[in-house]
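Trainee: Got a minute? I'd like to go through this one with you.
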Amino acid sequence: MHKMPEYPPLERVVNAARHRIEVSDSELAEARRRRAALSDALRLEFVGSRTFVNGSVAHGDALTPLTDVDLGVVVPDPSHEYGPGRKGPRELKDRAAAAIRRDLKAEYGDLAVEVEGRKRSILVRFREPVSARFPDFTADVIVAIDNPGAAGLYIPRWETWDRAHPERHTELVVAANKATKAGFARVVRLMKHWSRRHDKPLCSWNIKALALSCIQEPTELIPGMIKWLEFSIERVSVEDTPDPARVSAPVKLNAPRSEVVRKLRQGLETLDQAVRLENAGYPVLAVRELAKFFHDPMMLAAPDPDDVLEEEARRRLAQRPVRGPISAAPAVLTGAVGPARRHTEGVRSWGL
Amino acid sequence: MGTVARWWYGADPVWALPFERDAKRKYGTLIRRDLFERTLVYRHAGLEIPGRSEPVPVAVRFEKTPSYETFGLRPEDYPRVFADHGLPSPHRMPDGSLCLYYPLDPVERRWIAADGLLALLNIAADHIFYETYWRRTGGKGRGRWLGDEAPHGIRRRVA
């Protein structure tokens, strides 16, 4: 039919695709600069406070276009004025918001800070993107207090407080990145992108929390994704993901469990099929499966349909069994057939 | 024309639920089911066919008492399957439906309802691929059909 170009190995294809979704150095630098400005404003407002970083920028798995950054401030509360059963977080959130407006307005004239209607964080809208591909850049700022009686912090939950340990989360992720020589962040980034392209059945933190239990050694990308999917199917099928810091409630799913598991299974099936096809000597079909997996032509375009058609024809011809003649006995035209019969093979196309 | 149906299987959950279970598990919301008084239609939003740049929508239509010949098969074992309306193919019925299997073949070489909707969609996907390849390799007179084929027409069993 036509001359087919060489297709590189899957691992190389997915590695190239990974680079296309990776946050750029300039996006990161700008995000960090803004995060530092927020941090300065908060530490100035809350004397003796400490800040912590969280989210994709801190965890090394940010995607492009970069849309937000996460930051927390732990406000000292020596007289135990705040906390469950005492004062809620609203006053501290209002002070933080005012400090951000006061200190950042000069540089970001259009800046808006939202407190009202926010469950946990203060939302800072810079109204000035760090990427030309996204109209705004935001920051989620958590105003927390130490939990004097147990591990972790108290973070806002509307007008009251919840236990959480975001500092420990970042420690765990940073340690995982180090132990896996960045394999953890790469697998997480790819699975985050997969999730986004499939109606986000899992939030980013859930993807990372699951990865903390299964991506613990250096790994190539495709084996890492397969391992993550296998583990996640097993875990998500039976329970929500426990908080890796063992402080917060388990991480909830974004969709009904059966639907999330279905998507995970489908993803695993597609990825397994890609590997099988590559091992069987069908690189075009393998890349096609990989493209189906990510479902994002900007990140990974499907191979040329003519190449796919040609290679699929080759595969089918190679795998076509030699069949004997149809039995002279007539077909069983009616009658019950047991449940869960074989997948029908060898059917003959026909016509009147 | 068709066989007289003993019961309207399409409206019977005992028949329909196991029939569609695997397909729904695999395709989720890509499959839609429309039940009418005498017809049941499953629509797949688009099967992925090798060599096609866009998914191909497929409709499977069951009739309580088929208005078409079923060649002695039970209505539920011989639905109409539609895709790629109007495109040339050597294996279509006069109404444009896909001729997926020879109705007088032994049961192991044709689809029956007990195989489930997913198996039928798999056969349809194969058929659509064969049609695509046939057209791409020259179509009528020259095109190559990669699947098994039965001679056209029906050979009635001699008593």
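Mentor: Let's take the interface, then some salt bridges and a helix. Keep in mind that this is a predicted model.

Trainee: How many residues of chain B are in contact with chain A?
Mentor: On chain B, 58 residues, in contact with 39 residues of chain A. The area buried between the two chains is about 4,200 Å². Carbon and sulfur atoms give 55% of that area.

Trainee: And how many salt bridges between chain B and chain A?
Mentor: Four. One of them joins Asp126(B) to Arg316(A), at 3.1 Å from N to O. There are also 15 residue pairs in polar contact between the chains, both residues at pLDDT 80 or more.

Trainee: Which helix gives the largest share of the side of chain B that touches chain A?
Mentor: Helix 2 of chain B, with 10 residues. By class, that side of chain B has 30 nonpolar, 11 polar and 17 charged residues.

Trainee: What does Arg348(A) form a salt bridge with?
Mentor: Asp105(B), with the closest N and O atoms 2.7 Å apart. This pair crosses between chains. Arg348(A) sits in the segment after helix 11 of chain A, and Asp105(B) is in the loop between strand 4 and helix 2 of chain B.

Trainee: Are Arg348(A) and Asp105(B) buried or exposed?
Mentor: Both are buried.

Trainee: Switching to chain A. Where do Arg50(A) and Asp146(A) lie?
Mentor: Their side chains meet in a salt bridge, 2.9 Å from N to O. Arg50(A) is in strand 1 and Asp146(A) in strand 5 of chain A, so the pair ties together parts that are 96 residues apart in sequence. Arg50(A) is partly exposed at 32% relative accessible area, and Asp146(A) is partly exposed at 36%.

Trainee: What about Arg33(A) and Glu30(A), where are they?
Mentor: Both lie in helix 2 of chain A, three residues apart, about one turn of the helix. They form a salt bridge at 3.2 Å. Glu30(A) counts as buried because its 19% relative accessibility is under the 20% cut-off. Arg33(A), at 40%, is partly exposed. The two also belong to a salt-bridge network with Arg34(A), Glu107(A) and Glu128(A).

Trainee: Last topic. How far does helix 5 of chain A reach?
Mentor: Its 14 residues reach 20 Å from first C-alpha to last, close to the 20 Å expected. Several of its residues are buried, including Leu172(A), Val173(A) and Asn177(A). Just after the helix, Lys181(A) takes a positive phi of about 55°.

Trainee: And what does Asn177(A) touch?
Mentor: Leaving out residues up to four places away in sequence, Asn177(A) touches His59(A), Ala182(A), Phe184(A) and Ala185(A). Its relative accessible area is 15%.

Note on methods
Residues are numbered from 1 along each chain as its sequence is written. Chains are lettered from A and ligands numbered from 1 in the order in which they are written. This is a predicted model: local features need pLDDT of at least 70, side-chain atom pairs count only at pLDDT 80 or more; totals for chains, interfaces and linings use all residues. Side-chain values use heavy atoms; hydrogens and water are left out. Contact means heavy atoms within 4.5 Å. Buried area is the accessible area (1.4 Å probe) that two parts lose on being put together, summed over both. A polar contact is a pair of N or O atoms within 3.5 Å; within protein, one must be able to donate a hydrogen and the other to accept it, and residues adjacent in sequence count only if both atoms are side-chain atoms. Helices (H or I, at least four residues) and strands (E, at least two) are DSSP runs, numbered from the N terminus. Ala, Val, Leu, Ile, Met, Phe, Trp, Tyr, Cys and Pro count as nonpolar, Asp, Glu, Lys and Arg as charged, and the others, Gly among them, as polar. The expected span of a helix is 1.5 Å times one less than its number of residues. Buried means under 20% relative accessible area, exposed over 50%, partly exposed in between (1.4 Å probe, protein chains only).
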